[in-house]
Amino acid sequence: AEVEDRFENRAEARHWNSNLNFPRIQIDGPYGAPSQEYKNFEVVLLVGLGIGATPMISIVKDIINNLKGSVEEALPSGRRKREMFRTKRAYFYWVTREQETFDWFKNVMAEVTETDCNNVVELHTYCTNVYEEEDARSALITMLQTLNHAKNGRDVVSGTRVMSHFARPKWRAIYKRIAVKHPDTRVGVFYCGIPAAVKEQRDLALDFSHKTSTTFCFHKESS
């Protein structure tokens, strides 16, 4: 439209366009991100390492927004069809080395804890540059953390209502817990983070899919 405005009529514009020697461009796609598949599952396990938490946080926000009401779809007749949101349970695990990174999505996590009245989204944050929770050197931090959370409802590490854990998550125990809680269920596993951890998550998803009645469908997002 902007090009045509420069000429007196459309015929002149078409003649001008036909003489341009632009390169030919072919577009393959578009393709959706793997994380968009989460809506196909009633239960999802979201794993974000470091900045890899970004797409997982987007899923969490989308789940909260969708749970606020049913999704309405317009029909050709002009009527509206109500489509219920499929995801009923989400487990989010965010693992980072630095405590300061929890500030990146502090507002989002606070919103989840305040609006998710039915506890659909379960949030877990891990800070790996602190000693193991069982280590005596982290006992003081744990004590202060527990006292502050009980008194003010806030975690001293994350600054939100979400209680933080120390060191790396025990992934096998996490997968086992989800398998026990959701038998005969397809669980969507969505991972984003360092490539070195992809094999561990994929192997656990396959292992528990074979050993339990729960099927873990692994998806990898590029960070």
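A residue counts as buried when its relative accessible area is under 20%. The exercises below apply this cut-off and others to a predicted model.

**Exercise 1.** Determine how many residues of strand β4 (residues 89-96) are buried, and assign its side chains to the two directions in which they point.

*Solution.*
Step 1. Applying the cut-off of under 20%, one finds that 8 of the 8 residues of β4 are buried, and the strand is mostly covered.
Step 2. In a regular strand, side chains alternate between the two faces of the sheet.
Step 3. In β4, one direction is taken by Arg89, Tyr91, Tyr93 and Val95. Ala90, Phe92, Trp94 and Thr96 point the other way.
Step 4. Both sets are buried.

**Exercise 2.** Identify the strands that pair with β4, and state the sense of each pairing.

*Solution.*
Step 1. Strand β1 (residues 43-49) pairs with β4 in the parallel sense, over 7 bridges. Within this pairing, Arg89 of β4 is the bridge partner of Val43.
Step 2. Strand β5 (residues 121-127) also runs parallel to β4, and 7 bridges join the two. Here Val95 stands opposite Tyr126 of β5.

**Exercise 3.** Establish where in the chain the confidence is lowest and where it is highest.

*Solution.*
Step 1. The chain has a mean pLDDT of 75, with 61% of its residues reaching 70 or more.
Step 2. Confidence is lowest in strand β2 (residues 71-74), at a mean of 45, and highest in helix α5 (residues 171-181), at 97.
Step 3. Residues 1-5 have pLDDT below 50, and this stretch has 4 contacts in the model beyond near neighbours in sequence.
Step 4. The pLDDT is also below 50 over residues 70-75, a stretch with 18 such contacts.

Notes:
Residues numbered from 1 in each chain as written. Predicted model: local features only at pLDDT ≥ 70, side-chain atom pairs only at ≥ 80, totals over all residues. Heavy atoms only, no water. Buried < 20%, exposed > 50% of the residue type's maximum accessible area, 1.4 Å probe, protein only. Helix = DSSP H or I, 4+ residues; strand = E, 2+ residues; numbered from the N terminus. Pairing = 2+ DSSP bridges. pLDDT = per-residue confidence, 0-100. Contact = heavy atoms within 4.5 Å.
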